[in-house]
Amino acid sequence: QRDTQALLSTTEAMELRRRDYHVERPLLNQEQLEELGSRSPAPVTLQWQTWFRCSRARAQALLLQYLPVLAWLPQYSVRDWLLGDLLSGLSVAIMQLPQGLAYALLAGLPPVFGLYSSLYPVFVYFLFGTSRHISVGTFAVMSVMVGSVMESLAPDDAFLLGLNSTLDVAARDDTRVQLASTLSVLVGLFQVGLGMVHFGFVVTYLSEPLVRAYTTAASVHVFVSQLKYVFGLHLSSRSGPLSLIYTVLEVCWKLPQTVVGTMVTALVAGVVLVLVKLLNEKLRRHLPMPLPGELLTLIGATGISYGVGLKQTFGVDIVGKIPVGLVPPLVPRPQLFAKLLGNAFAIAVVGFAIAISLGKIFALRHGYRVYSNQELVALGLSNLIGGIFRCFPVSCSMSRSLVQESTGGNTQVAGAISSLFILIIILKLGELFQDLPKAVLAAVVIVNLKGMVMQFTDVFSLWKANRVDLLIWVVTFVATILLNLDLGLAVAVVFSLMLVVVRTQMPHYSVLGQVPDTDIYRDVAEYSGAREVPGVKVFRSSFTVYFANAELYSDSLKQRCGVDVDYLLSQKKKLLRKQDLKLKRLQKENKPPKQAATSKDTSISINVNTSVVDIESNNDVEGSKAKEASAGTELEDTGAWAPEDAKASDMSSLKALGLPQPDFHTLILDLSSFSFVDTVCLKSLKNIFRDFREIEVEVYMAACQAPVITQLEDGHFFDASITKQHLFASVHDAVLFALQHRRSGPIDPVLVTKL
């Protein structure tokens, strides 16, 4: 049969399937559907009720939820995973060393604090994290955001001594370390608090184009911040809007003061790093682990600097003294919280967004699940505990995470191993890098920006795929470049949310037609084969109706129906009011008072059901014969007026008033796209029913979802005039019912049968 159908033409195959497909069922409105399906309110489960239940199983579940290491570590396969985790941890530690030193410099802190930030947070995440592959620690975007805060609250200008403007480096570094650790504690408190209240979904408001544009703009900030180390310049501390532009202008202005030895050192280190990275890409399949180009560059540069004396001979700035051993904990200063509040929240959200997006990529690739709320708690504890031990805020690094995965890392044991290697370096080997040139660290930072700089190609892909996402990308990038990282993020989020609201206010409205010989209805503007059912208009919105677009929905409905509803209603009211006033005036002028009092209802019945010309002539006759009328005549007339009273509504019809009639008798509102309704939507729907019934068009609704039906019931939408019999299971049901039960005009049995 499959081979036979393959040989048939498309039309013949469709005809064959059409003959095999047959459904016969009665038309169902909502009332009948509820009775047939035995609808009852869905059971409501209150989540908070389970929070206070106490049992051994629940206590164990909570322990495993908030301390995931207890769930996976007992199941750890030493034979299968330990070798890969050991090799991966060593590879990540080799990258952590130069990046920790470089990113601490980027954050405006002494380089050794980058090593601390590569130790404590990594081990804390090993205990509480749910991702197996991300590498937590220093990251360029986080470091540049911290550096922006340091430049704002502890600029170099505040630590100048004496008339010769000597910079008190020790005092500046102490102040910045206190600020950075307090900032890390505050970031951790934000993240832990949001995670405990299950606020992990906050990252959903940061769309992928927004995050990628923000990190791209941050990479520009990172690049510009490293120019002073590349050229050996001393620049003024700047923060706030346009600080990046002013820094670039100052770099250009001071280029003649460039230290040639520093620039050559940075250039050579950068070329070596790029060549090693290219070699790693070429030999990726043949090497068990990537060549440690950054570590080799650091070792080589430190040896050359020590042997040649780059600082004394060429004036190349070096890292300087690196203390050996761990530093004692530092109590955060709560009085600084008020100054750091806004920046801490921005850093907390950005750090979590980067970590969870990367974590979900690896989880999807390796078939496990990452829990966003627990990730928020894990990152928060990493920053909170790290801040107490003088670390600055951290997140995960894309380059290190890729290395951790590609070198065989299976669990966060690799992260714990890397932190142990960093601990050995801090305790024993850190002082060996005292002669390391800062220009080499700047080259490490700049070369590692390659991944984020490549995101500029998003502009071309988004131009082809989605112009709205491109607009978000451009606005985020420009705002972050011009307004700095904190204000740029705020502007980007607000703009993105406003754009969502604007898009809901401009949904796609369509009039639907029937696809021939099916019960499928599609937009007649898009499907040339779809035909409107004669006498029936089917209207659909691509988005739910709520307070922001309810008026636009009503206006678009009236416009797409091709009838000026408001004009017809106003003209009808005007004509009826004129008719009523004229009748009252004629009654007052031509009727004696007694008869007007005794036969008030009778005269109204006559006048309403007679034309204006007939009214005038009849009133003259009645005026001359009023006194001669007998009781029998009155009874006779009353009997004659009864059938005329049944036709009273005919005089208020559009046809009787001489107004144009709509070319359709039924309007069907397709509510399949509605996800919720509010009070404004309920009022708009009621007004639509009222207005279209005034112009002699019956209104039905179709394809409404169960939650929306519940909201309609709760909002008392259904009453004597609008019942569940006006709501149908599908558009096709509503169309067939409308054709079979139209108010006026003959029913076309051929059309009904065809449908």
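This is a short tour of a helix pair, some salt bridges and a few loop residues in a predicted model.

**Stop 1: two packed helices**

Start by selecting residues 120–128, which are helix 9, together with residues 372–388, which are helix 19. Two packed helices are described by the angle between their axes and the distance between the axes. Here the angle is about 150° and the axes lie 8 Å apart. Angles over 145 degrees count as roughly antiparallel, so helix 9 and helix 19 are roughly antiparallel to each other. Turn the view until one helix lies in front of the other, and you can follow helix 9 as it passes helix 19 in a right-handed crossing.

Now show the side chains at the contact. From helix 9, pick Tyr120, Pro121, Val124, Tyr125 and Phe128. From helix 19, add Gln374, Glu375, Ala378, Leu381, Ser382, Ile385 and Gly386. Colour this selection by residue class and you should find eight nonpolar, three polar and one charged.

**Stop 2: salt bridges**

Side chains of opposite charge can pair when their charged atoms come close. How many salt bridges does a search of the whole structure find? The search gives 22, and three of them make good stops.

Select lysine 724 and glutamate 34 first. Their closest N and O atoms are 3.0 Å apart, and the two form a salt bridge. Zoom out to see where each one sits: glutamate 34 belongs to helix 3 (residues 30–37), while lysine 724 lies in the loop between helix 33 (706–714) and strand 10 (727–728). The pair is 690 residues apart and links distant parts of the chain. Are these two residues buried or exposed? Both lysine 724 and glutamate 34 are buried.

Next, go to glutamate 151 and arginine 176, a salt bridge whose closest N and O atoms are 4.0 Å apart. Glutamate 151 is in helix 10 (residues 140–153) and arginine 176 in helix 11 (residues 169–196), 25 residues apart. Glutamate 151 has 17% relative accessibility and so counts as buried; arginine 176, at 3%, counts as buried too. Widen the selection to take in Asp156, Arg172 and Asp173: together with Glu151 and Arg176, these residues are linked in a network of salt bridges.

For the third pair, select lysine 537 and glutamate 532, where the closest N and O atoms are 3.1 Å apart. Lysine 537 counts as buried at 11% relative accessibility, whereas glutamate 532 is partly exposed, with a relative accessible area of 34%.

**Stop 3: positive phi in two loops**

Jump to leucine 242, in the loop between helix 13 (227–231) and helix 14 (243–253). Leucine 242 is not a glycine, yet has a positive phi of about 65°. At 35% relative accessibility, this leucine counts as partly exposed.

Then return to the loop between helix 33 and strand 10, and pick histidine 716. Histidine 716 is another non-glycine with a positive phi, about 55°. This histidine is exposed, with a relative accessible area of 65%.

**Stop 4: a buried loop leucine**

Finish at leucine 436, in the loop between helix 21 (413–429) and helix 22 (438–447). With 0% relative accessibility, leucine 436 counts as buried. Display what surrounds the side chain: leaving aside neighbours within four places in sequence, leucine 436 is in contact with Leu101, Leu298, Ala301, Thr302, Ile318, Val319 and Leu441. As a last step, draw a C-alpha to C-alpha distance from leucine 436 to leucine 310: 9.6 Å in space, for residues 126 apart in sequence.

Key:
Residues are numbered from 1 along each chain as its sequence is written. This is a predicted model: local features need pLDDT of at least 70, side-chain atom pairs count only at pLDDT 80 or more; totals for chains, interfaces and linings use all residues. Side-chain values use heavy atoms; hydrogens and water are left out. Axes are lines fitted to C-alpha atoms, for helices over the stretch in contact, and angles run from 0 to 180 degrees between N-to-C directions. Helices (H or I, at least four residues) and strands (E, at least two) are DSSP runs, numbered from the N terminus. Angles under 35 degrees count as roughly parallel, over 145 as roughly antiparallel, 65 to 115 as roughly perpendicular and the rest as oblique. A crossing is left-handed if the near helix is turned anticlockwise from the far one by less than a right angle, and right-handed if clockwise. Contact means heavy atoms within 4.5 Å. Ala, Val, Leu, Ile, Met, Phe, Trp, Tyr, Cys and Pro count as nonpolar, Asp, Glu, Lys and Arg as charged, and the others, Gly among them, as polar. A salt bridge is a side-chain nitrogen of Lys or Arg within 4 Å of a carboxyl oxygen of Asp or Glu. Buried means under 20% relative accessible area, exposed over 50%, partly exposed in between (1.4 Å probe, protein chains only).
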